[in-house]
Amino acid sequence: MIFFTRRERFSAAHRMFRQDWTDEKNSEVFGKCSNPNWHGHNYVLWVTVKGEISENHGFVMNISILKKIIQERIIEKIDHRNINIDVAFMKGKIATTENLTIAIWNELKPEIEKAGASLHCIKIEETENNFIEYYG
Ligand code: NI
């Protein structure tokens with residue numbers, strides 16, 4: 001078993017809040033990320049795939065195929081967008097990095113499997129001090 005990780009970056013706006021809570025309660029729970037007028041982060045996304053090395057081409061997964069899948073399924077839909085409003089795969093979810101990590105896992109897993117590899121980990125850094133990892 002061998003692992004390959006591709007890094008991508010995107011910038012996006014969000015607000016963490018619950019509609020059924022007051023602005024005060026949201027601010028108490030979610031802090032600055034609950035600012036009603038939005039704010040943004042420069043996110044870093046790591047996608048790790050695993051599998052056996054193909055005797056055909058010597059890769060675990062063709063890098064250009066992985067790059068294309070991440071671009072089309074994630075980056076084009078989220079980069080310079082508002083996660084709460086514009087991103088279909090985050091609809092109805094609180095825009096935390098935890099929820100985003102799981103949503104990206106669900107978007108990418110079937111595509112990576114179609115390409116003959118397995119998804120091992122999605123890691124997202126929201127700030128340089130915080131990151132989330134999901135292994136399914
Ligand atoms: Ni935030």
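**Figure 1. Sequence spacing and geometry of the nickel site in the predicted model.** The donor residues of the nickel ion follow the spacing H-x18-C-x5-H-x1-H. His14 belongs to strand 1 and His41 to strand 2, so this pair ties together parts that are 27 residues apart in sequence. The protein donors are His14 (NE2), Cys33 (SG), His39 (NE2) and His41 (NE2), at 2.0 to 2.1 Å from the ion; donors are N, O and S atoms within 2.8 Å of the metal (3.2 Å for Na, K and Ca), and water is not among the atoms, so sites may look incomplete. The four donor atoms subtend angles of 93 to 125°, which makes the arrangement tetrahedral (four donors, all angles between 85 and 135 degrees).

**Figure 2. Antiparallel pairing of strand 2 with strands 1 and 4.** Strand 1 (residues 2–14) pairs with strand 2 (residues 39–51) over 13 bridges, and Arg6 has Val47 as its bridge partner. Strand 2 also pairs with strand 4 (residues 118–127), over seven bridges, with Val44 opposite Glu125. Strands are DSSP runs of E with at least two residues, and helices runs of H or I with at least four, numbered from the N terminus; pairing requires at least two DSSP bridges.

**Figure 3. Contact of helix 2 with helix 4.** Leu66, Ile69 and Arg73 are among the helix 2 residues that meet helix 4, where the partners include Leu100, Ile104 and Glu107 (heavy atoms within 4.5 Å).

Residues are numbered from 1 along each chain as its sequence is written. Local features need pLDDT of at least 70 and side-chain atom pairs pLDDT 80 or more, whereas totals for chains, interfaces and linings use all residues, and side-chain values use heavy atoms, without hydrogens and water.

How values were computed. Four donors count as tetrahedral if all angles lie between 85 and 135 degrees; four count as square planar and six as octahedral if opposite donors are over 155 degrees apart and all others between 65 and 115; anything else is irregular.
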